[in-house]
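Reader: I am new to this structure and would like a close look at a single part of it. Please take the salt bridges, and describe the surroundings where that helps.

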Amino acid sequence: MKKKDIKFYNLGDESDYEVFNYGNKTIINNIADSKKEEEMYDKTVKIGLKSIINKDIESLDSKVKSINKRIMKELKINDFVSMEKLDNEIEKIDDIINSVEIIISNVIIEKDKIKVGIFSTNKKIKREKIASLSILKDSLVKSQTELIAIKDEYNKLIKRKKKVKEESYINKVNIEDPLERTVNFYMKKEN
């Protein structure tokens with residue numbers, strides 16, 4: 001088996017063509033067409049990634065709204081009035097978590113206000129209220145933990161979205177190396 005020599009010729013920066021000599025075979029490659037194909041592929045991939053990230057953010061947003069509804073429902077069931085307003089927008093997740101923290105604190109304070117002593121009246125009602133507030137507090141803590149997990153996931157998605165934008169800018173600035181282009185050409189030929 002003969003070893004074939006590969007020679008690469010670039011016809012200048014202004015030229016849209018490059019020439020490969022592969023043994024007895026001469027291949028002329030149109031650089032402009034391959035650049036257009038790569039740019040279209042790159043653009044399509046970036047659009048797809050952004051679309052997926054946006055759908056994931058929308059999914060997290062709907063989860064936040066669902067958790068907020070559950071919190072409000074539990075507060076109403078337990079006859080607990082809170083002055084804290086819960087936002088439904090994922091962009092304000094920090095404010096939502098802080099509001100839930102304040103509500104939890106208010107539930108704990110309300111629970112601690114109820115005293116059941118030896119000579120207390122309505123002991124049964126007070127004990128039931130304490131138990132109800134304990135269950136409410138546990139549920140709110142669970143909801144807060146879920147919101148923190150959503151916040152972490154949201155922050156990851158935002159970082160990925162920024163990275164996709166930065167990479168698209170970097171790719172526009174970088175100029176492809178002719179040797180790298182040659183290697184990529186032959187790697188594609190083998191496949």
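**The salt bridges and their surroundings**

Author: Asp94 is a good place to begin: with a relative accessible area of 39%, Asp94 is partly exposed, since that value falls between the 20% limit for buried and the 50% limit for exposed. The model is a predicted one. The side chain of Asp94 meets that of Lys151 in a salt bridge, with 2.8 Å from N to O. This pair links distant parts of the chain, because Asp94 belongs to helix α2 (residues 93-113) and Lys151 to helix α3 (residues 123-173), 57 residues apart. Lys151 also counts as partly exposed, at 26% relative accessibility.

A search of the whole structure finds four salt bridges, and the pair just described is one of them. Side chains of opposite charge can pair when their charged atoms come close.

Another of these pairs lies within one helix. Lys65 forms a salt bridge with Asp61, and their closest N and O atoms are 3.4 Å apart. Both residues are in helix α1 (residues 31-77), and because they are four residues apart there, about one helical turn separates them. Lys65 counts as partly exposed at 36% relative accessibility. Asp61, in contrast, is buried, with a relative accessible area of 18%; that value is under the 20% limit, so Asp61 falls in the buried class.

A third example is the salt bridge between Lys137 and Asp138, where the closest N and O atoms are 3.7 Å apart. Lys137 is partly exposed, with 24% relative accessibility. Asp138 is partly exposed as well, and its relative accessible area of 49% is under the 50% above which a residue would count as exposed.

Asp61 also leads from the salt bridges to the nonpolar interior. Leaving aside residues up to four places away in sequence, Ile90 touches Asp61, along with Ile57, Leu60, Val64, Ile150 and Tyr154. Ile90 is in turn one of the residues with the most contacts inside the largest nonpolar core, together with Leu140 and Leu147; this core has 26 residues. Helices α1, α2 and α3 are the elements that give two or more residues to the core, and α3 provides the largest share, eight residues. In soluble globular proteins, nonpolar side chains tend to be buried together.

Asn78 is a further residue to look at, in the loop between α1 and α2. Asn78 is buried, with a relative accessible area of 14%. Not counting residues up to four places away in sequence, Asn78 touches Lys129, Ser132 and Leu136.

The whole chain sets the frame for these details. The chain has four helices and three strands, and along the sequence they follow the pattern β-β-β-α-α-α-α. The chain has 191 residues, of which 26% count as buried. Its accessible surface comes to about 14200 Å², and 54% of that belongs to carbon and sulfur atoms. Among contacts between residues at least 6 apart in sequence, 57% join residues at least 24 apart.

Notes:
Residues numbered from 1 in each chain as written. Predicted model: local features only at pLDDT ≥ 70, side-chain atom pairs only at ≥ 80, totals over all residues. Heavy atoms only, no water. Buried < 20%, exposed > 50% of the residue type's maximum accessible area, 1.4 Å probe, protein only. Contact = heavy atoms within 4.5 Å. Areas by Shrake-Rupley, 256 points an atom, 1.4 Å probe, with all protein chains shown as cover. Core = buried A, V, L, I, M, F, W, Y, C linked by side-chain atoms within 4.5 Å.
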